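Please take a look at the following chain with its fold, and keep the side chains visible while reading. The explanation below moves from a single helix to the aromatic rings around it.

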Amino acid sequence: MEGGVISRSAVEAKVTKIMESARAIEILERQRAAIDGLRSSRRSQEFTRWQRDTEVAVQRIFGADSRHSADFSGIRYSLMVMTSSTPDSDFHEAYLHGLDTTKSILSSMIDEIRELRSGLRRR
């Protein structure tokens, strides 16, 4: 690791050691696809389960101490500041923003694994 940046080979080793890349992509794509079904269900058991399942998947694929896990854990689905007069629509907007952020981060993780996998094939 140089200057806080994880080397390509370190990520490669972590992904292939913990889980085959095709399976990792399959899991992340499934979790990403489920996001659209959660857009109307803020405060639901379905969201709670999806969030936990996704967090566990990211930890299993990249490691619990990885930047990937920290990125996922850092996503907020609610407002950081609110008052008694904050409209419910603001809470829902924050929730949707969190889902959109999650979708982007999962897409980035999938692309990273694909890039690493295609690099391995060229060797």
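The paragraphs that follow treat confidence, then one helix, then its ring contacts.

The model is a predicted one, and its average pLDDT over the chain is 87, with 81% of the residues scoring at least 70. That confidence varies between elements: helix α1 (residues 8-18) has the lowest mean pLDDT among the elements of the chain, 59, whereas α4 has the highest, 97.

Helix α3, which covers residues 45-62, is a useful place to begin. Its 18 residues reach 26 Å from the first C-alpha to the last, and this is close to the 26 Å expected at 1.5 Å a residue. Which residues of α3 are buried? They are F47, W50, T54, A57, V58, I61 and F62. Viewed down the axis of α3, these buried residues fall within an arc of 100°, so they line one face of the helix. The other side of α3 carries Q45, R49, R52 and R60, which are exposed. After the helix comes G63, a residue whose phi is positive, near 105°.

The buried aromatic residues of α3 lead on to the ring contacts. A pair of aromatic rings is described by the distance of the centres and the angle of the planes. A search of the whole structure finds four aromatic pairs, and one of them joins F47 and W50 in a tilted arrangement, with 5.8 Å from centre to centre and 35° between the planes. The tilted label applies because 35° is neither under 30 degrees, as stacked planes would be, nor over 60, as edge-to-face planes would be. Within helix α3, F47 and W50 are three residues apart, which separates them by about one helical turn. F47 has a relative accessible area of 9% and is buried, and W50, at 5% relative accessibility, counts as buried too.

F47 also forms an aromatic pair with Y77, and this pair is edge-to-face, with 5.0 Å between the centres and 70° between the planes. Here the contact links distant parts of the chain, since F47 belongs to helix α3 while Y77 lies in the loop between α4 (67-73) and α5 (88-122), 30 residues apart. Y77 is itself buried, with a relative accessible area of 10%.

Which residues do the ring pairs link into a cluster? The cluster consists of F47, W50, F72, Y77 and Y95.

Technical notes:
Residues are numbered from 1 along each chain as its sequence is written. This is a predicted model: local features need pLDDT of at least 70, side-chain atom pairs count only at pLDDT 80 or more; totals for chains, interfaces and linings use all residues. Side-chain values use heavy atoms; hydrogens and water are left out. Helices (H or I, at least four residues) and strands (E, at least two) are DSSP runs, numbered from the N terminus. The expected span of a helix is 1.5 Å times one less than its number of residues. Buried means under 20% relative accessible area, exposed over 50%, partly exposed in between (1.4 Å probe, protein chains only). The arc is that of the directions from the helix axis to the C-beta atoms. Rings of Phe, Tyr and Trp (its six-membered ring) pair if their centres lie within 6.5 Å; planes under 30 degrees apart count as stacked, over 60 as edge-to-face and the rest as tilted. pLDDT is the predictor's confidence in each residue, from 0 to 100.
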